[in-house]
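Hi,

Here is the structure I promised to pass on. Have a look at it first, and my notes follow below.

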Amino acid sequence: MSEHFDVRGGARLVGEVDVVGAKNSVLKLMAAALLAEGTTTITNCPQILDVPLMGDVLRSVGCEVEIEGDTARITTPAELSHRADSAAMGKLRASVCVLGPLVGRLKQAVVALPGGDAIGQRPLDMHQNGLRKLGATSTIEHGCVVAKAETLVGTQIWLDFPSVGATENILMAAVLAEGTTVIDNAAREPEIADICTMLIEMGAKIEGAGTSTLTVHGVEQLHPTEHRVIGDRIVGATWAFAAAMTRGDLTVRGVNPHHLDLVLDKLRLAGAEVTTYDDKGFRIVQPERPIAVDWVTLPYPGFATDLQPFAVALSAVSEGTSMITENVYEARFRFIEEMIRLSGDARTDGHHAVVRGVEKLSSAPVWASDIRAGAGLVLAGLCADGVTEVWDVFHIDRGYPHFVENLNRLGARIDRVTGEPERA
Ligand code: UD1
């Protein structure tokens, strides 16, 4: 049975909200547990479906995985299977992050091509080229990445683009390689710095965490650790956009506001008043209708592509015209088709979109195409006349634990409804 949200428009969101651990960190930290024999404990895990799914991926190669509340305990045996090709692999993107640890530890891996959000082409060439430079062969065979090496030897690797996943896979293979690996043009996302922190706690030797040059001195083995996942900056930013769009007043806790420096600064330009609290959170108040600003997605510290739907949704209700440029995932503009159903005045040309703000959107049934697009539609529904039905909400559940409960506690009126859609 399908589920949808009935979102009543007109709410002003006010109150305090806690942000959970970062989805795009925890799944990779779970994969990193493969690098050390014994029990690794990860705390502040978000209670989202992808965490148990990643648990299934790790079980399929021989780990014992126990997930209780916000804690995941992963016991990695001395003998691991190099084949990660279970059905769970196809259900999330992060499953591909077992490739680096398996090659690092076993010098071979067969890893099913990952699933995840339909946001555009997601090739693995940079992951494979990095492993090849370390001395492995890598091919795609029958829906799997196959990699094999006699030994892994450290080297200099230049990435064509600061890919998050490629940086993570190469990093996690390099920590157990012989000698020194330098990854240049590495991704600088806070989630990568988080993985570096955990790997260092496990005994890895890494310099340059959080910068675009990672220097990794290979070690013979790593040991298990206990690590707390950083707060989810994408979820934190979602609440910031929610406040800006509903002319609300939200205090957001559990996320480092410095991971959102650019976003919060742009929201100030849109008229928000933002106060940050060290590395703990921020308060955002939007006294008037937002003013249109332009947004350009880029790798961190640029504006995250994951936040692009929120930039579109905010622009749709702002005063003036915004240009949004998507530089990372071309298919993310699919979201705009749904915004047009809500009477948004928007059109795209290549990787640019022009959005002319309207005073109020008009409710309609709309379909979520990925996690962030789904959350963006819910926020847009809060700014629409009438009741907006948001369908395919399973996407939203993958990234936002208790999203509806939190929104309702802050003043929204949203119901989760079970039943089939009457799609035109
Ligand atoms: C991660 C995030 C995703 C986010 C994205 C960019 C996870 C689970 N997902 O995805 O939410 O939107 O970072 O911030 O952490 N590319 C290649 N070849 C490769 C690898 C990537 O061409 O081998 C391209 C992609 O098509 C894309 C760009 O590089 O255009 C960025 O991709 P990447 O940073 O690798 O994203 P993911 O790690 O898949």
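**The Asp370 side chain**

The side chain of Asp370 reaches the backbone nitrogen of Ala373 at 3.1 Å. A second backbone nitrogen, that of Arg372, is reached by the Asp370 side chain at 2.9 Å. Keep in mind that this is a predicted model.

As for where Asp370 sits, look in the loop that runs between strand 23 (365-367) and helix 11 (371-382). What about charge partners? Asp370 is buried but has no salt bridge. Its nearest side chain of opposite charge belongs to Arg332, 4.2 Å away. The cut-off for a salt bridge is 4 Å, so a pair at that distance is not counted.

**Around the ligand**

Which residues come nearest to the ligand? There are 19 residues around the ligand, and the nearest are Asp125, Ser163, Val164, Asp306 and Val328. Ser163 also makes a polar contact: an N or O atom in its side chain is 2.6 Å from an oxygen atom of the ligand. Lys28 contributes a polar side-chain atom that lies 2.8 Å from a ligand oxygen. With Gly165 the backbone does the work, as one of its backbone N or O atoms is 2.8 Å from an oxygen atom of the ligand.

**A four-stranded sheet**

You will also find an open sheet of four strands, in the order 18-19-21-20, with mixed pairing. Strand 18 (295-296) and strand 20 (345-349) are at the edges, each pairing on one side only. Strand 18 runs parallel to strand 19 (residues 321-325), and two bridges join them. If you want to find one of the pairs on screen, Trp295 has Ile324 in strand 19 as its bridge partner.

**Cysteines**

How many disulfides does the structure hold? Zero. As a reminder, a disulfide is a covalent bond between the sulfur atoms of two cysteines. Take Cys63: the closest cysteine sulfur is in Cys45, and at 15 Å from the sulfur of Cys63 that is too far for a bond.

Is Cys63 buried or exposed? Cys63 counts as buried because its relative accessibility is 5%. Cys383 counts as buried too, with a relative accessibility of 8%. The limit for that label is under 20%, so both values qualify.

That's what I have for now.

Cheers

Notes:
Residues numbered from 1 in each chain as written. Predicted model: local features only at pLDDT ≥ 70, side-chain atom pairs only at ≥ 80, totals over all residues. Heavy atoms only, no water. Pairing = 2+ DSSP bridges. Buried < 20%, exposed > 50% of the residue type's maximum accessible area, 1.4 Å probe, protein only. Lys, Arg positive; Asp, Glu negative; His and termini not counted. Polar contact = N/O pair within 3.5 Å; in protein donor to acceptor, adjacent residues only side chain to side chain. Disulfide = S-S within 2.5 Å. Near = heavy atom within 4 Å.
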